[in-house]
Amino acid sequence: AIRDCFPKLLCLDGQELPQTIFVDIDSPELIQPCKESYQRSATLQRLVEQFLQQYYLIYDCGDRQGLLGAYHDEACFSLTVPFNPKDPAPSSLWEYFQNSRNIKMLKDPYLRGQLLKHTKRDIVDFLSVLPKTQHDLHSFLVDLWFQTETMLFFSVNGVFKEVEGKSPSSVLAFTRTFIAIPGSNSSLCIVNDELSVRDASPKETQSTFSIPKSSSSSSSEPALSPEQQEMVQAFSVQSGMKLEWSQKCLQDNEWNYTKAGQVFIMLQAEGKVPEEAFKHTS
């Protein structure tokens with residue numbers, strides 16, 4: 001019975017076991033992946049990419065209450081900061097560290113329970129008090145871990161910078177793991193969300209938010225103010241659109257960043273944003 005569980009066991013209680021005789025069984029043939037599996041994978045990829053784009057556009061627009069629709073009523077969320085609490089906390093991580101739920105370091109069961117956010121209202125209220133951010137979608141690395149007909153398990157790694165708070169412009173790295181189920185309008189509904197935040201490495205800091213300035217501008221158009229130029233750059237990062245399209249979206253919405261983001265999400269969901277509006281990376 002023990003060998004059924006541990007077939008490579010050679011010695012038990014100091015006694016050498018007799019050699020096991022293995023019967024050679026023909027290996028099953030590898031099943032060639034069918035065309036449908038490739039199509040399903042591509043569909044899931046587009047679904048996850050669109051979900052992340054919409055999620056972080058709302059997350060960075062300022063009013064994170066718009067994320068309520070992304071979570072299940074009984075969803076759970078936790079935040080961790082992976083470093084030794086005996087070391088001095090980096091100032092850029094302090095607002096995250098004070099809410100870190102690393103159960104390896106956190107021994108107080110009551111505090112563990114308090115730091116686990118349960119229900120979508122508690123989650124979004126907590127996210128709303130975190131520092132305002134700008135995520136670099138071009139830095140995202142997405143991995144689909146597990147899937148069934150009713151559940152999707154995926155993670156995303158990337159970088160972001162704070163745009164206000166105690167450490168404005170500081171670049172941080174993150175890993176976020178989502179468990180989601182099918183939601184309304186062919187989207188995803190989050191049932192579990194785990195966020196881990198750390199200091200970005202020098203390489204990550206150097207390569208992030210490197211968007212080239214637009215070289216083509218019409219002399220008939222009024223020059224943009226520095227604040228408007230920054231908004232265009234940020235909107236281009238968040239939406240994935242080219243600079244000129246990002247500028248047009250902001251101008252059409254009277255330079256209201258939140259409104260422009262909401263309009264972009266609506267038009268993209270309806271398939272009304274042309275393909276040529278987006279940047280293509282090799």
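This is a short tour of the structure, one selection at a time.

**The whole chain**

Before selecting anything, keep in mind that this is a predicted model. Colour the chain by secondary structure and you will find nine helices and nine strands. Of the 282 residues, 36% are buried. Switch on a surface if you like: the accessible area comes to about 17800 Å², and carbon and sulfur atoms hold 54% of it. If you display contacts with a separation of 6 or more, residues 24 or more positions apart account for 60% of them.

**Stop 1: arginine 176**

Select arginine 176, which sits in strand 8 (residues 171–182). Is this residue buried or exposed? Arginine 176 has a relative accessible area of 1%, so it counts as buried. Now show the side chain of aspartate 193: the two form a salt bridge, with 2.8 Å from N to O. Since arginine 176 belongs to strand 8 and aspartate 193 to strand 9 (residues 188–199), the pair ties together parts 17 residues apart in sequence. Aspartate 193 is buried, as arginine 176 is.

Stay here and add tyrosine 55, whose side chain makes a polar contact of 2.9 Å with that of arginine 176. Then bring up the wider surroundings. Beyond four places in sequence, the contacts of arginine 176 include Tyr56, Tyr59, Tyr71, Phe77, Leu127, Phe154 and Glu194.

**Stop 2: helix 5 and its link to strand 3**

Leu127 leads us to helix 5 (residues 120–129), where the buried residues are Ile123, Val124, Phe126 and Leu127. They lie on the same side of helix 5, because their arc around the axis is only 160°.

Next, pick lysine 120 in the same helix and aspartate 73. Which kind of link joins lysine 120 and aspartate 73? They form a salt bridge, and their closest N and O atoms are 3.2 Å apart. This pair links distant parts of the chain, with lysine 120 in helix 5 and aspartate 73 in strand 3 (residues 71–80), 47 residues apart. Lysine 120 is partly exposed at a relative accessible area of 26%, and aspartate 73 is partly exposed at 46%.

**Stop 3: methionine 241**

Move on to methionine 241, in the loop between helix 7 (226–239) and helix 8 (243–252). Its relative accessible area is 3%, so methionine 241 is buried. Draw a distance from its C-alpha atom to that of alanine 277: the two are separated by 5.4 Å, although they are 36 residues apart along the chain. Leaving out residues up to four places away, methionine 241 touches several others, among them Phe235, Cys249, Phe264, Val273, Ala277 and Phe278.

**Stop 4: along helix 8**

Select lysine 248 and aspartate 252, whose side chains meet in a salt bridge of 2.8 Å, N to O. They are four residues apart in helix 8, so about one helical turn separates them. Lysine 248 is partly exposed at 44% relative accessibility, whereas aspartate 252 is exposed at 51%. With this pair you have seen the salt bridges of the model, which come to three.

**Last stop: a surface patch**

Finish with Ile2, Phe6 and Leu12, which form a nonpolar patch on the surface with about 270 Å² of accessible area together. Leucine 12 lies in strand 1 (residues 11–12) and is partly exposed, with a relative accessible area of 32%.

Terms used. Residues numbered from 1 in each chain as written. Predicted model: local features only at pLDDT ≥ 70, side-chain atom pairs only at ≥ 80, totals over all residues. Heavy atoms only, no water. Helix = DSSP H or I, 4+ residues; strand = E, 2+ residues; numbered from the N terminus. Buried < 20%, exposed > 50% of the residue type's maximum accessible area, 1.4 Å probe, protein only. Polar contact = N/O pair within 3.5 Å; in protein donor to acceptor, adjacent residues only side chain to side chain. Contact = heavy atoms within 4.5 Å. Patch = residues over 30% accessible without salt bridge, like charges linked within 9 Å, V, L, I, M, F, W, Y side chains within 5 Å. Areas by Shrake-Rupley, 256 points an atom, 1.4 Å probe, with all protein chains shown as cover. Salt bridge = Lys/Arg side-chain N within 4 Å of Asp/Glu carboxyl O. Arc of directions from axis to C-beta.
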